[in-house]
Amino acid sequence: MTNKYKINVNGQPHEIESDEDTPLLYILRNDLKLKGTKFGCGDGICGACTVIMDGLPIFSCDTPIWSADGKNIETIEGLSVNGIHPLQEEMIDEQAGQCGYCLSGITMRIKALLDKNPNQTVDEVAEQLDRNLCRCGSQSRILKAVENYIEKVS
Ligand code: FES
Ligand code: FES
């Protein structure tokens, strides 16, 4: 059934007319043209589509728009509204991505984790990244970037 939904994305309010079961990922990519959030498995397995919703990392591919109604969404584009985010700087310095396809989702999960508790160790962050897959095997460089970021902000 088609309905109207209000979501706030990267600080901007949007009213969306959509079928209630349309995944948030499709709304972000197709309606709002925010292509930084990636479609990987489309089935809640790989983490490529991770965004932050009301402070929590979620898979946008298995989040229907009805459940995002009235929520605050943060995507990878939101990190660089005021210049590049320091976490992204570290990712670039460490050349953390190979293909980079996983990196948007991984970056958003890390940001959500460290926003919630900035005093985590890199090992604690690594444990919570098991829901975000990287097929290129760049995890060690990604975690080095996280380590550098934690050192910088702590
Ligand atoms: S695309 Fe959403 S978890 Fe893989
Ligand atoms: S850098 Fe290619 S999937 Fe992670």
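Here are some questions and answers about the strands and helices of this predicted model.

Q: In what order do the five strands of the open sheet run?
A: Start from the outside: β2 (12-19) and β4 are the edge strands, each pairing on one side only. The pairing in this open sheet is mixed, and neighbouring strands are turned by 40 degrees against each other on average, direction ignored. Read across, the order is β2-β1-β5-β3-β4.

Q: Which residue in β4 is the bridge partner of V51?
A: Let's look at the strands involved. β3 (residues 50-53) and β4 (residues 56-59) pair in the antiparallel sense over four bridges. One partner in β4 is F59, which goes with T50. For V51, the β4 partner is I58.

Q: Which residue in the hairpin of β3 and β4 takes a positive phi?
A: Strands β3 and β4 pair in the antiparallel sense. Their hairpin has two residues between the strands. The one with a positive phi, near 45 degrees, is D54.

Q: What is the bridge partner of I52 in β5?
A: β3 also pairs with β5 (residues 72-74), again in the antiparallel sense, over two bridges. Within β5, the residue bridged to I52 is E74.

Q: Are the residues on the two faces of β3 buried or exposed?
A: In a regular strand, side chains alternate between the two faces of the sheet. In β3, T50 and I52 sit on one side, with V51 and M53 on the other. Both faces are covered, and these four residues are all buried.

Q: Which helix packs on the sheet, touching β3 and β4?
A: The helix in question spans residues 103-116. Its direction makes about 30 degrees with that of β3. That's helix α4.

Q: Is P13 buried or exposed?
A: P13 lies in strand β2, which is an edge strand. Leaving aside neighbours within four places in sequence, P13 is in contact with K6 and N8. The cut-off for exposed is 12 or fewer other C-beta atoms within 10 Å. P13 has 8, so P13 counts as exposed.

Q: How many Å apart in space are P13 and L103, C-alpha to C-alpha?
A: P13 belongs to β2, while L103 is one of the α4 residues in the contact with α3. In sequence the two are 90 residues apart. In space, C-alpha to C-alpha, the separation is 26 Å.

Q: Why are α3 and α6 described as oblique?
A: Two packed helices are described by the angle between their axes and the distance between the axes. Helix α3 (residues 86-93) and helix α6 (residues 139-153) have their axes 8 Å apart, at an angle of about 140 degrees. Angles over 145 degrees would count as roughly antiparallel. The pair falls short of that cut-off, so α3 is oblique to α6.

Q: How many nonpolar residues does the contact of α3 with α6 have?
A: On the α3 side, the contact is made by P86, L87, E90 and M91. A145, N148, Y149, K152 and V153 come from α6. By class there are one polar and two charged residues, and the nonpolar ones number six.

Q: Is the crossing of α3 and α4 left-handed or right-handed?
A: These two helices pack with axes 11 Å apart, at about 135 degrees, and are therefore oblique to each other. L87, Q88 and M91 of α3 meet L103, T107, I110 and K111 of α4. The crossing is right-handed.

Definitions and conventions. Residues are numbered from 1 along each chain as its sequence is written. Chains are lettered from A and ligands numbered from 1 in the order in which they are written. This is a predicted model: local features need pLDDT of at least 70, side-chain atom pairs count only at pLDDT 80 or more; totals for chains, interfaces and linings use all residues. A residue is buried if 20 or more other C-beta atoms lie within 10 Å of its own, exposed if 12 or fewer, and partly exposed in between; C-beta atoms are placed from the backbone. Two strands pair if DSSP finds at least two bridges between them. Axes are lines fitted to C-alpha atoms, for helices over the stretch in contact, and angles run from 0 to 180 degrees between N-to-C directions. Angles under 35 degrees count as roughly parallel, over 145 as roughly antiparallel, 65 to 115 as roughly perpendicular and the rest as oblique. Two residues are in contact if their C-beta atoms, placed from the backbone, lie within 7 Å. Ala, Val, Leu, Ile, Met, Phe, Trp, Tyr, Cys and Pro count as nonpolar, Asp, Glu, Lys and Arg as charged, and the others, Gly among them, as polar. A crossing is left-handed if the near helix is turned anticlockwise from the far one by less than a right angle, and right-handed if clockwise.
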